[in-house]
Amino acid sequence: MVCYHNELAPLRVVRHPGPNMGKRFYGCPHWPTTCGFFQWLDECNDIRDLQYQLLEKECIISELQHENDILKAEVGNLKKKLSQKQDVVDELSIECTERSLLMDEMFAKRRITYVLLFSWVFFAVCFWLKA
């Protein structure tokens with residue numbers, strides 16, 4: 001049982017002499033000075049408990065939906081960042097391939113230059129030895 005402050009109402013017993021002495025009731029934990037919640041135990045209505053539980057569940061559902069919306073937005077942002085990073089990776093991959101091809105071309109030209117230089121030296125040495 002919950003009082004109007006949404007706090008658990010303790011089960012109490014009437015201690016004053018009179019017709020209700022010994023009768024049990026739920027009262028506000030701050031009773032009788034604050035909200036004035038009062039319910040006899042034999043008049044307790046399970047509907048109030050069920051309504052409170054339903055309200056509690058609806059609050060939890062609302063909080064979870066809010067968290068879900070936040071997480072969906074975060075996932076969207078992360079997907080956007082991933083797409084941007086993938087574009088950068090693709091550009092770097094193209095650049096690396098182009099540089100690799102240029103280096104291969106430079107090495108091929110350098111090899112041709114060395115072969116030509118070596119062949120000229122070889123022919124010069126052969127010509128000098130023959131003469």
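In this predicted model, Phe-122 sits in helix H1, which covers residues 46-130. Is the Phe-122 side of the story one of burial or exposure? With a relative accessibility of 45%, Phe-122 counts as partly exposed, because that label takes in values between 20% and 50%. Along the chain, Phe-122 and Met-21 are 101 residues apart, and in space their C-alpha atoms are separated by 127 Å.

Trp-128 is another residue of helix H1. Here the relative accessibility comes to 67%, so Trp-128 counts as exposed, the cut-off for that label being over 50%. Trp-128 also takes part in a nonpolar surface patch, along with Tyr-114, Leu-117, Val-121, Val-125 and Leu-129. Together, these residues make a patch of about 710 Å².

Then there are the strands. Strand E1 takes in residues 11-13 and strand E2 residues 24-27; the two run antiparallel and are joined by three bridges. Within this pairing, Leu-11 stands opposite Tyr-26 of E2. Strand E2 also pairs with strand E3, made up of residues 38-40, again in the antiparallel sense and over three bridges. On that side, Tyr-26 has Gln-39 of E3 as its bridge partner. Tyr-26 of E2 thus faces Leu-11 in one pairing and is bridged to Gln-39 in the other.

Note on methods:
Residues are numbered from 1 along each chain as its sequence is written. This is a predicted model: local features need pLDDT of at least 70, side-chain atom pairs count only at pLDDT 80 or more; totals for chains, interfaces and linings use all residues. Side-chain values use heavy atoms; hydrogens and water are left out. Two strands pair if DSSP finds at least two bridges between them. Helices (H or I, at least four residues) and strands (E, at least two) are DSSP runs, numbered from the N terminus. Buried means under 20% relative accessible area, exposed over 50%, partly exposed in between (1.4 Å probe, protein chains only). Patches are made of residues with over 30% relative accessible area and no salt bridge: like charges are joined within 9 Å, nonpolar side chains (Val, Leu, Ile, Met, Phe, Trp, Tyr) within 5 Å. Accessible areas come from the Shrake-Rupley method with a 1.4 Å probe; for residues, only the protein chains shown count as cover. A salt bridge is a side-chain nitrogen of Lys or Arg within 4 Å of a carboxyl oxygen of Asp or Glu.
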